Amino acid sequence: MKASRDKGSSRRDFVRQLLGAGGCLPLAQLAFALPRAQAEQKGAARVPGVDTLSAEDHQFLNDLEKTNFQFFWEQANPKTGLVKDRCNARTSTDGGIVGSIAATGFGLTALCIGDKRGFVPRAWAQERVVTTLRALWGKLPNHRGFFYHWANINTGERVWDAEVSSVDTTILLCGVLACREYFQDAEVDGLAGAIFDRVEWTWLSEDTALLPHGWTPEIGFLPYRWDNYSELMMMYLLGLGSTSYPLRDETWTAWKRLKFEYDGLRYIGSFAPLFVHQYSQAWFDFRRKRDKYADYFQNSITATDVHRRFCLELGKQFPTYSDDLWGITASDSPNGYVIWGGPPAVGPIDGTVAPSAAGGSLAFLPQPVMRVLRTIKDHYPFAWTKYGFVNAFNPLTSWYDTDVIGIDTGITMLMAENVRSGFVWNTFMKSPEARRGMERAGFKRY
């Protein structure tokens, strides 16, 4: 995590800046417009399933998941269960102590997958889950149930003057609920329920329908609100699903759903990287469902295909971008951590590839993404590590990151499992909180 992340920044800090200056962002040199009327997606939702993958695809993804799992197993403190934000995958002596509660949420879900796929004995996985939940309940500082973004993996103490983060707590809670539904253990059930029910969503929404990004004891609420389509969907849905401190119904309709058009394709989006279309859909199953605004699964399919086409057009400037190699999202770069993507073009795009941009989209475009992941693994061996793909690399300059980042490794692993079996969706959606949230938001099957 080069300079910016070393100071405790996150991709959300950068996105805040971008959203705050949205009117000043450079547009791509391609057709881009905001249609005046809401666009309806055409055709039936494309639903991934095992029939979209060959036996070779399944083996490739199994190997990828297994290496991803090793990150969450080895780079967590076994006494607290907290997962490192990132680590240097080129060395066996990474001494970092900064944990991420979001990475820990991915890590809890990874333990479910690890047991299902036989990557670790069930007793070990369940023991790690219990250890983590005990630490979350009794050890980690929290404010009204929300956790600090960054924590010392050894002690649980806040680091980097981190904010109490609404979205990172949400990602953690998704992992907590997934473990409760999967392991069916009395202690896991009790701890998970207590951790979730402690979260005071009504505190976040006391005087607003738009939830704030976070809070610190030094300055109070951060000035930024979750007001545009992004990974916010998971947060609003869990808040609506709470029985102890439920959000009001109007919070679901309060945030903006901006309409974009690119190369004849219309979709809801943001002036933000590709990951905003992925994170909520790692756990919440939006397939064959819609609220009064959209089919968000189909919307993410469209947005991913738009990004692929955007990268192909960028291939005129950066010739390594092609149908076999595309994907730009928030990631490391030779000059530090960068928020980039498009369309419209965001950040100083320089030909860098972030494997999680494609990996996190496996459930949306299975075969185009498989082609990219195989290309990286087969033709760019320095982009592969014991934990899977490095966070980013630039084939034009032969720069390869040394690090893997927990949330990017996590989104790749979870979406790999979802496209193979739907396991994370099927497990998480058993939770009453998830189902209640979607019902209150007005989702209907079709």
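A disulfide, for the purposes of this talk, is a pair of cysteine sulfur atoms within 2.5 Å, and a search of the whole structure finds 0 of them. Before going further, I should say that this is a predicted model, in which local features need pLDDT of at least 70 and side-chain atom pairs count only at pLDDT 80 or more, while totals for chains, interfaces and linings use all residues. Residues are numbered from 1 along each chain as its sequence is written, and side-chain values use heavy atoms, with hydrogens and water left out.

Let me stay with the cysteines for a moment. The sulfur of C179 has its closest cysteine sulfur in C112, at 3.8 Å, which is too far for a bond. C179 is also buried, with a relative accessible area of 0%, where buried means under 20% relative accessible area, exposed means over 50%, and partly exposed lies in between, using a 1.4 Å probe and protein chains only. C174 is likewise buried, at 0%.

Now to the helices, which are DSSP runs of H or I with at least four residues, numbered from the N terminus. C179 is one of the helix 6 residues that meet helix 7, together with L173, V176, L177 and R180, and their partners in helix 7 are V188, D189, A192, G193, I195 and F196; contact here means heavy atoms within 4.5 Å. By class, this contact divides into 8 nonpolar, 1 polar and 2 charged residues, where Ala, Val, Leu, Ile, Met, Phe, Trp, Tyr, Cys and Pro count as nonpolar, Asp, Glu, Lys and Arg as charged, and the others, Gly among them, as polar.

How do the axes of helix 6 and helix 7 cross? The axes of helix 6 (residues 166-183) and helix 7 (residues 186-197) come within 9 Å and cross at roughly 150 degrees, and that makes helix 6 roughly antiparallel to helix 7. Axes are lines fitted to C-alpha atoms, for helices over the stretch in contact, and angles run from 0 to 180 degrees between N-to-C directions; angles over 145 degrees count as roughly antiparallel, under 35 as roughly parallel, 65 to 115 as roughly perpendicular, and the rest as oblique.

Helix 6 also holds T169, which counts as buried at 0% relative accessibility and touches I101, G145, F146 and F147, leaving aside residues up to four places away in sequence.

Finally, consider helix 9 (residues 232-241), where 10 of the 10 residues are buried, so it is largely enclosed by the rest of the structure; among them are Y236 and G241.

Methods
Helices (H or I, at least four residues) and strands (E, at least two) are DSSP runs, numbered from the N terminus.
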